[in-house]
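Work through the exercises below with the sequence and the model side by side. Try each task before reading its solution.

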Amino acid sequence: MQHDEMIWQVINHQFCSYKTKIGVALSDKATFCRHPYSVTGLCNRSSCPLANSRYATIREEDGRVNLYLKTVERAHSPKNLWEKITLSRNYSRALAQLDEHLAYMPKALVHRNKQRLTKIHQYLIRMRKIKLKELGGKKAKMVGINRKIDQREERREKKALVAAKLEQSIEKELVERLARGTYGDIYNFPEAPYQKALAAAEEQEMESEEESEEEMEEDDEGNVEYVEDLEEGEEEDDMEDMEYAGNGQWGHGDDSESSSDEESEDDTSEDDDDSESASSSEDEEGVKKKRKLSKKMQPKKPRQPRGPRVEIEYEEETETESTAMQSVQKESVAGSAW
């Protein structure tokens, strides 16, 4: 006895020699049917030719289109299970024949058969055109289509479009041209979107500048520089200014120099009677006094001399000793003359 539901349960859940799965990933896999009398080629309850006692399909054999019908009355005889009906070459007549023979079939099945008839007629017409061109001496070049290569190229094109950001770059270029006045008064754009686009462009520029500044700061964080110590330099200058004044005392050389300069200036003022030289010496004295005051105003830290303390004694001859020696020499000369 023909039991369609039981047959489908066995095919769907256990095993079917015509069932196959195509797809790379588990989510993309689809189940197909390789039975020669299948209408859609899909493995499902309504399209299965084994699990339906009333079934109809269309097949093309040697350029002719045939309609195959299956009824439950011939299920006991597998030899005579399918009834073969040859359809007309005319497309409209073939559709009329389908309506006539499939009047009591499910509408979904009738619709599927009409779609299959349309596709078969289309590729038969293309085959006849190609054959006529070959007979006329114009052989058509048959180019194979590799689906995997096409899919790979489509994915690459999509990635390239995303990376290029064409829409954003075109919008930015148009905004810049409008801001420069390239088009003049040709286009009358609404003010709000235009200002919005300008504000977005300015925000992008500010973000890029902030990112560049942050990168510069990050680059400067790891730099190491060696800088001269300012306090040590001041100490060296102070030590250079220090001079030994005698009797174990150290002092600045500016005071001695200034005193010697004053004595030399007094001598020159006594010797020179010219008024111009006196005025120039007075100006120099004023300048030097200002320098002294400025140096005294500067705060200087007293520094002790480095190294051990050294005392140096100087022998100085007074004027009395020199006059006594001269008088003794005169007396000796006078005695020798006598």
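Accessible areas come from the Shrake-Rupley method with a 1.4 Å probe, and for residues only the protein chains shown count as cover. This is a predicted model, in which local features need pLDDT of at least 70 and side-chain atom pairs count only at pLDDT 80 or more, while totals for chains, interfaces and linings use all residues. Residues are numbered from 1 along each chain as its sequence is written, and side-chain values use heavy atoms, with hydrogens and water left out.

**Exercise 1. The whole protein**

Task: Find how much area the protein exposes, and what share carbon and sulfur atoms supply.

Solution:
- Start with the surface. The protein exposes about 28,500 Å², and 51% of it comes from carbon and sulfur atoms.
- Next, the burial. Buried means under 20% relative accessible area, exposed over 50%, and partly exposed in between (1.4 Å probe, protein chains only). Of the 338 residues in the protein, 16% are buried.
- Then count elements. Helices (H or I, at least four residues) and strands (E, at least two) are DSSP runs, numbered from the N terminus. The protein has ten helices and seven strands.
- Last, the contacts. Contact means heavy atoms within 4.5 Å. Take contacts between residues at least 6 apart in sequence: 38% of them join residues at least 24 apart.

**Exercise 2. The cores**

Task: Which residues have the most contacts inside the largest nonpolar core?

Solution:
- Define the set. A nonpolar core is a set of buried Ala, Val, Leu, Ile, Met, Phe, Trp, Tyr and Cys residues joined through side-chain atoms within 4.5 Å.
- The largest such core has 18 residues, and I58 and L87 have the most contacts inside it.
- Strand 3, strand 4, helix 2 (91-101) and helix 3 (107-135) each give two or more residues to this core. Helix 3 supplies the largest share, five residues.
- Now look around L87. Leaving aside neighbours within four places in sequence, L87 touches I58, R64, V65, L67, A94, Q97, L98 and L117.
- Another core lies apart from this one. It has seven residues, including W8, I11, C16 and C43.
- A general point fits here: in soluble globular proteins, nonpolar side chains tend to be buried together.

**Exercise 3. The cysteines**

Task: How many disulfides does a search of the whole structure find?

Solution:
- A disulfide is a pair of cysteine sulfur atoms within 2.5 Å. The search finds zero.
- Check C16. The closest cysteine sulfur, in C33, is 6.1 Å from the sulfur of C16, so the two are too far apart for a bond. C16 is buried, at 13% relative accessible area.
- Check C43. C43 is in no disulfide either, and its nearest cysteine sulfur, that of C33, is 5.9 Å away.

**Exercise 4. Two serines in one loop**

Task: Is S47 buried or exposed? Repeat for S53.

Solution:
- Place them. S47 is in the loop between strand 2 and strand 3. S53 is in the loop between strand 2 (30-33) and strand 3.
- S47 is buried because its relative accessibility is 8%. S53 is buried too, at 15%.
- List the contacts, leaving aside neighbours within four places in sequence. S47 touches S38, T40, L42, N52 and Y55. S53 touches Q2, D4, K70, T71 and V72.
- A polar contact is a pair of N or O atoms within 3.5 Å; within protein, one must be able to donate a hydrogen and the other to accept it, and residues adjacent in sequence count only if both atoms are side-chain atoms. The side chains of S47 and T40 make one, at 3.0 Å.

**Exercise 5. Helix 4 and its ends**

Task: How many residues of helix 4 are buried?

Solution:
- Compare lengths. The expected span of a helix is 1.5 Å times one less than its number of residues. Helix 4 (residues 147-164) reaches 26 Å from its first C-alpha to its last, close to the 26 Å expected.
- Of its 18 residues, zero are buried, so helix 4 lies largely in the open.
- At its start, a side-chain oxygen of N146 comes to within 3.3 Å of the backbone nitrogen of K148.
- Just after helix 4, K165 has a positive phi of about 55 degrees.

**Exercise 6. An unusual phi**

Task: Where is D62 found?

Solution:
- D62 is in the loop between strand 3 (55-61) and strand 4 (64-70).
- D62 is exposed, because its relative accessibility is 81%.
- Its phi is positive, about 60 degrees, although D62 is not a glycine. Most residues other than glycine have a negative phi.
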